[in-house]
Each structure stands twice: as structure tokens, then as C-alpha cells.
Amino acid sequence: MTTLSKEKQAQLAWLAITARDNAYAPYSHHPVGVALLAGSGAVYTGANCEFANFDCTCAENTAIAAMAAAGERYIDTIVIVGPATGGVCMPCGRCRQRIQEFADSKTRIHCLKPDGQKGRVFTIAQLLPHAFGPQDMAVLGLGPLARQVKPKKTATKAKRRT
Ligand SMILES: [Zn+2]
């Protein structure tokens with residue numbers, strides 16, 4: 001895990017706070033904002049969006065979807081900021097899985113306090129240990145890593161007795 005400059009951290013925190021302030025969370029009153037630094041250096045933001053049928057799209061998910069829609073497939077850093085009256089905002093279980101899809105051991109996950117100042121930085125292995133992910137599908141010959149992994153031999157022929 002490399003370290004971001006103070007200026008870049010401040011920029012990402014400000015973008016996450018701005019996204020949080022635009023969140024649509026009229027049911028939970030739990031607005032969350034995300035700024036995602038992708039592999040190219042581009043930044044994508046996201047905010048949670050809730051619906052009257054109690055469906056919800058998390059801020060992490062909207063940022064990851066925007067990144068994927070732009071053709072990017074790697075999260076360098078993701079910064080998460082929650083409600084102004086809350087503490088450090090952690091990603092939910094589903095979002096940990098979503099982050100894991102585009103993360104590696106160098107990906108930084110910044111879970112910040114509402115003002116974007118102090119918080120904690122995690123790796124995906126810390127937030128989702130022993131995860132199921134693309135590598136598990138690759139052994140079946142499926143998914144984006146399939147070409148990088150040789151499939152396991154599934155059956156061996158029984159030896160003939162003569
Ligand atoms: Zn979530």
C-alpha cells in the first residue's frame with residue numbers, strides 16, 4: 001500500500017463530502033459519499049440513493065459502477081464519508097464484496113469521519129478476509145481472470161485392469 005499525498009487525500013475527502021451532501025437518503029437519513037481514485041488517476045464519485053420500496057443503492061456501488069462504465073477496472077483508493085452526525089463510516093458487506101472485485105492488496109480503503117479528517121485506512125483483506133472473488137471463478141474458467149489460471153483437472157480416467 002503506497003501513501004497518497006496530503007493534497008490528494010484532502011481532494012478525495014472533499015469530493016466524497018460533496019457527493020454525500022447530494023445523497024438521496026430520505027428514508028434512512030444516512031447519507032454516504034464516496035470518491036474513488038481509479039487506476040488511470042481519474043476520480044469517480046458516488047452517493048447512496050434510496051427508493052420508496054426500500055431498495056437502496058450504496059454510494060460505493062454508484063462510484064464503482066461509474067468507474068466500470070468508463071471502462072476502468074482497478075480501484076487504487078476509495079474514500080468513504082458518512083452522515084454528518086455519525087462516526088467513521090465503514091462499507092457494508094455487499095460493498096466490501098463489490099470493492100473486492102476491482103481491488104488488490106495495494107488498494108486503499110479510507111473510512112473517514114464526517115468532516116473528512118481522521119479515519120482509518122484498510123486493505124480489502126482486512127475488511128473481507130478469505131473472500132470469494134474473481135480468482136474463485138477463474139478456476140472454473142469463468143470471469144476476467146479465467147485466462148490467467150489453468151483450470152483444475154476435474155476427472156481422471158480410471159486405470160484399466162487387464
Ligand atoms: Zn454498501
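The C-alpha centres of domain 1 and domain 2 lie 34 Å apart. Domain 1 covers residues 6-131 and domain 2 covers residues 132-162; these bounds come from an automatic or database domain assignment. The model is predicted: local features need pLDDT of at least 70, side-chain atom pairs count only at pLDDT 80 or more, and totals for chains, interfaces and linings use all residues. Residues are numbered from 1 along each chain as its sequence is written.

**Overall build**

The chain has five helices and seven strands. Both are DSSP runs, numbered from the N terminus: helices are H or I with at least four residues, strands are E with at least two. Their order from the N terminus is α-β-β-β-β-α-β-α-β-β-α-α.

The C-alpha trace spans about 80 × 40 × 30 Å along its principal axes. The radius of gyration of the chain is 19 Å, whereas a compact globule of 162 residues would have one near 15 Å. That radius is taken over C-alpha atoms, and the globule rule is 2.2 Å times the number of residues to the power 0.38.

Of the 162 residues, 34% count as buried. Buried means 20 or more other C-beta atoms within 10 Å of the residue's own; exposed means 12 or fewer; partly exposed is in between, with C-beta atoms placed from the backbone. Of the contacts with a separation of 6 or more, 56% join residues 24 or more positions apart. A contact needs C-beta atoms, placed from the backbone, within 7 Å.

**Helix 2 and its partner**

Helix 2 spans residues 59-69, and its buried residues are Ala59, Glu60, Asn61, Thr62, Ala63, Ile64 and Met67. Just after helix 2, glycine 71 takes a positive phi of about 90°.

Two packed helices are described by the angle between their axes and the distance between the axes. Helix 2 packs with helix 3 (residues 93-101) at about 20°, with the axes 9 Å apart. Here axes are lines fitted to C-alpha atoms, for helices over the stretch in contact, and angles run from 0 to 180 degrees between N-to-C directions. Helix 2 and helix 3 are therefore roughly parallel, a label for angles under 35 degrees. Glu60, Asn61 and Ile64 of helix 2 make the contact with Cys95, Arg98 and Ile99 of helix 3.

**Four residues in their settings**

| Residue | Location | C-beta neighbours within 10 Å |
|---|---|---|
| Alanine 59 | helix 2 | 30, buried |
| Leucine 145 | segment after helix 5 (134-138) | 14, partly exposed |
| Histidine 29 | loop between helix 1 (6-21) and strand 1 (33-38) | 10, exposed |
| Phenylalanine 54 | loop between strand 3 (49-50) and strand 4 (56-57) | 8, exposed |

Leaving out residues up to four places away in sequence, alanine 59 touches Ala19, Ala23, Val32, Gly33, Val34, Gly46, Ala47 and Asn48. Alanine 59 and tyrosine 74 are 15 residues apart in sequence, and their C-alpha atoms are 17 Å apart.

With that exclusion applied again, leucine 145 touches Pro134, Gln135 and Ala138. Leucine 145 and methionine 90 are 55 residues apart in sequence and 28 Å apart in space, C-alpha to C-alpha.

Most residues other than glycine have a negative phi. Histidine 29 has a positive phi of about 55° although it is not a glycine. Phenylalanine 54, also not a glycine, has a positive phi of about 70°.

Technical notes: Two residues are in contact if their C-beta atoms, placed from the backbone, lie within 7 Å. Angles under 35 degrees count as roughly parallel, over 145 as roughly antiparallel, 65 to 115 as roughly perpendicular and the rest as oblique.
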